[in-house]
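Here are my notes on the model you sent over. I've kept them as numbered points so you can go through them with the structure open.

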Amino acid sequence: MAEDNCDNNNDNDIMRIKSLYSNRLGDNGKNKTKVYCTRCPSLILNPGSGNYVREKFLLPLEKISKEEKDGNGSSDVTEVYDKEDKLIDCWRIDNMFNFENIGFSNTVGYFKYLICADCESGPVGWNDLSKGQTCYLSWDHIRHSKPDD
Ligand SMILES: [Zn+2]
């Protein structure tokens, strides 16, 4: 008997996520809380600025670039990827002005990585250049509560 692995953006899945994460996800599908960098107190997003979506993307887990610091343009990149083809829970931001603070890192193909504007840690998400300003913040790479330590 074929098993449906639920890897689509189907309604049941979104209902499940909504009840699991009711503290961060509002009924309108937008973020309820402020969103912060995981490593510093930088405020990335105010409530109501991102739409919940699930996207397939390979987002490196670790800090990706030191080429900016070196300034030699050579690509000395540590890329530690998550599992391939994993659906990522994220906030979609349609307009860059909706960010409170965000930084941009290197461009890879049609994507630009987003990093913290203050401490430059990341990536916290990506900008899909094929969709103009559309950006995605991965839930696994950001913090939904106020940093207090
Ligand atoms: Zn930071």
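1. Start with Glu-120, which sits in the loop between S6 and S7. This is a predicted model, and the backbone here is worth a look: phi of Glu-120 is near 65°, a positive value in a residue other than glycine. Glu-120 counts as partly exposed because its relative accessible area is 44%, between the 20% and 50% cut-offs.

2. Stay in that loop for another backbone feature. Pro-123 also belongs to the stretch between strand S6 (111-115) and S7. The peptide bond running from Gly-122 into Pro-123 is cis, with omega near 5°.

3. Now the overall layout. The chain has 2 helices and 8 strands, and going along the sequence they come in the order α-β-β-β-α-β-β-β-β-β. Of the 149 residues, 42% are buried. Take the contacts with a separation of 6 or more: 57% of them are between residues 24 or more positions apart. The chain exposes about 8600 Å², with carbon and sulfur atoms supplying 45% of that area.

4. How many aromatic pairs does a search of the whole structure find? There are 7. One of them is Tyr-21 with Trp-139, an edge-to-face pair at 5.1 Å centre to centre and 80° between the planes. The two partners come from distant parts of the chain, 118 residues apart: Tyr-21 is in the loop between helix H1 (11-20) and strand S1 (35-36), while Trp-139 is in the segment after strand S8 (135-138). Tyr-21 is partly exposed, at 26% relative accessible area, whereas Trp-139 is buried, at 6%.

5. Phe-57 and Trp-126 make a stacked pair, with 3.9 Å between centres and 5° between the planes. Phe-57 is in the loop between strand S3 (51-56) and helix H2 (67-70) and Trp-126 is in strand S7 (residues 125-128), so this pair ties together parts that lie 69 residues apart in sequence. Both Phe-57 and Trp-126 are buried.

6. Back to Trp-139 for a moment. Ring pairs join Trp-139 into a cluster with Tyr-21, Tyr-52 and Trp-91. Trp-139 also has a charged neighbour: Arg-24 lies over the face of its ring, at 4.9 Å from the ring centre.

7. On to the nonpolar cores. The largest has 19 residues, and the members touching the most others are Ile-44, Leu-45, Trp-91, Phe-99, Leu-137 and Ile-142. Strand S2 (43-45), strand S4 (87-93) and S8 each put at least two residues into this core. A second core, separate from it, has 8 residues, among them Phe-57, Ile-88, Tyr-113 and Trp-126. The stacked pair of Phe-57 and Trp-126 is therefore part of this second core, and that fits with both residues being buried.

8. Have a look at Asn-51 in strand S3. Is this side chain's residue buried or exposed? Asn-51 counts as buried because its relative accessibility is 18%, under the 20% cut-off. The Asn-51 side chain makes a polar contact with the side chain of Lys-30, at 3.4 Å. Beyond its neighbours up to four places away in sequence, Asn-51 touches Gly-29, Lys-30, Cys-90, Trp-91, Arg-92 and Asp-94.

9. Ser-138, in strand S8, is another polar residue to check. Ser-138 is buried, with a relative accessibility of 1%. Leaving out neighbours within four places in sequence, the contacts of Ser-138 are Leu-59, Ile-88, Asp-89, Cys-90, Val-124 and Gly-125.

10. Last one: Met-96, in the loop between S4 and strand S5 (103-108). Met-96 is partly exposed, with a relative accessible area of 27%. Met-96 and Gln-133 are 37 residues apart in sequence, yet their C-alpha atoms are 6.2 Å apart in space. Gln-133 is also among the contacts of Met-96 outside its neighbours within four places in sequence, together with Phe-104, Asn-127 and Cys-135.

Terms used
Residues numbered from 1 in each chain as written. Predicted model: local features only at pLDDT ≥ 70, side-chain atom pairs only at ≥ 80, totals over all residues. Heavy atoms only, no water. Phe/Tyr/Trp six-rings, centres within 6.5 Å; stacked < 30°, edge-to-face > 60°. Helix = DSSP H or I, 4+ residues; strand = E, 2+ residues; numbered from the N terminus. Buried < 20%, exposed > 50% of the residue type's maximum accessible area, 1.4 Å probe, protein only. Lys NZ or Arg CZ within 6 Å of the ring centre and 35° of its normal. Contact = heavy atoms within 4.5 Å. Areas by Shrake-Rupley, 256 points an atom, 1.4 Å probe, with all protein chains shown as cover. Polar contact = N/O pair within 3.5 Å; in protein donor to acceptor, adjacent residues only side chain to side chain. Core = buried A, V, L, I, M, F, W, Y, C linked by side-chain atoms within 4.5 Å.
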